[in-house]
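This report describes one protein chain from its fold down to single side chains. The sequence and structure come next.

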Amino acid sequence: MDIEERNSGNKAFAGFKAGWDISMGVLYIILCSYAINLEFIIERFGKKAVYICCILFIFYGAFRIVRGFLAMKKSMKRKRYQFGDHAKNSKA
């Protein structure tokens, strides 16, 4: 059994990956906001190039955050219905 096959159904690994996506997304956004405020980066690469790169990284960071929250929501949903709670919540 290879590592990817073993980790595909592992809830702890899925939670770690979701947390990693959220933290990396926040880090991308913080680094971009910091890079916009540094004058020497703007002087070296140009204002337009820095803003375009930062906007792209901010969008990518937001994507990582959303992907992390959706993965965390999916793993929590899996845990919630794991022990037969779906029978209590059904409208039968």
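The sections below cover the overall fold, the salt bridges, the nonpolar core, the aromatic residues and the surface.

## Overall fold

The model is predicted. The protein has 5 helices and 0 strands, so by the helix definition used here its elements read α-α-α-α-α from the N terminus on. Helix α2 covers residues 11-37, and helix α4 covers residues 47-80. Helix α3 spans 39-45.

Of the 92 residues in the protein, 20% are buried. Among contacts with a separation of 6 or more, 74% are between residues 24 or more positions apart.

## Salt bridges around D21

The count of salt bridges is 2. One is formed by the side chains of D21 and R64, with an N to O distance of 3.1 Å. D21 belongs to helix α2 and R64 to helix α4, and the two residues are 43 residues apart, so by the element assignment the pair links distant parts of the chain. The other salt bridge is between the side chains of D21 and R67, at 3.3 Å from N to O. Here too the pair links distant parts of the chain: D21 is in helix α2, R67 is in helix α4, and they are 46 residues apart. D21, R64 and R67 are thus linked in a network of salt bridges.

Which of these residues are buried, and which is partly exposed? D21 and R64 are both buried. D21 counts as buried because its relative accessible area is 4%, which is under the 20% cut-off. R67 has 33% relative accessibility and therefore counts as partly exposed, since this value lies between the limits of 20% and 50%.

What does D21 contact beyond its neighbours within four places in sequence? The residues are R64, I65, R67 and G68. The contacts of D21 thus include both of its salt-bridge partners, R64 and R67.

## Nonpolar core

In soluble globular proteins, nonpolar side chains tend to be buried together. In this model, the largest nonpolar core has 7 residues: C32, A35, L38, I41, I42, V50 and C54. Helices α2, α3 and α4 are the elements that give two or more residues to this core.

C54 is one of the core residues. Apart from residues up to four places away in sequence, C54 touches C32, A35 and I36. Of these contacts, C32 and A35 are also listed in the core.

## Aromatic residues

How many aromatic pairs are there? The count comes to 4. One aromatic cluster is formed by Y28, F57, Y60 and F63. A pair of aromatic rings is described by the distance of the centres and the angle of the planes.

## Surface

The protein has an accessible surface of about 7,500 Å². Carbon and sulfur atoms account for 67% of this surface.

F13, F16 and W20 make a nonpolar surface patch of about 340 Å². Within this patch, F16 lies in helix α2. Is F16 buried or exposed? F16 is exposed because its relative accessible area is 53%, and the cut-off for exposed is over 50%. Helix α2 therefore holds both the exposed F16 and the buried D21.

How values were computed. Residues numbered from 1 in each chain as written. Predicted model: local features only at pLDDT ≥ 70, side-chain atom pairs only at ≥ 80, totals over all residues. Heavy atoms only, no water. Salt bridge = Lys/Arg side-chain N within 4 Å of Asp/Glu carboxyl O. Helix = DSSP H or I, 4+ residues; strand = E, 2+ residues; numbered from the N terminus. Buried < 20%, exposed > 50% of the residue type's maximum accessible area, 1.4 Å probe, protein only. Core = buried A, V, L, I, M, F, W, Y, C linked by side-chain atoms within 4.5 Å. Contact = heavy atoms within 4.5 Å. Phe/Tyr/Trp six-rings, centres within 6.5 Å; stacked < 30°, edge-to-face > 60°. Areas by Shrake-Rupley, 256 points an atom, 1.4 Å probe, with all protein chains shown as cover. Patch = residues over 30% accessible without salt bridge, like charges linked within 9 Å, V, L, I, M, F, W, Y side chains within 5 Å.
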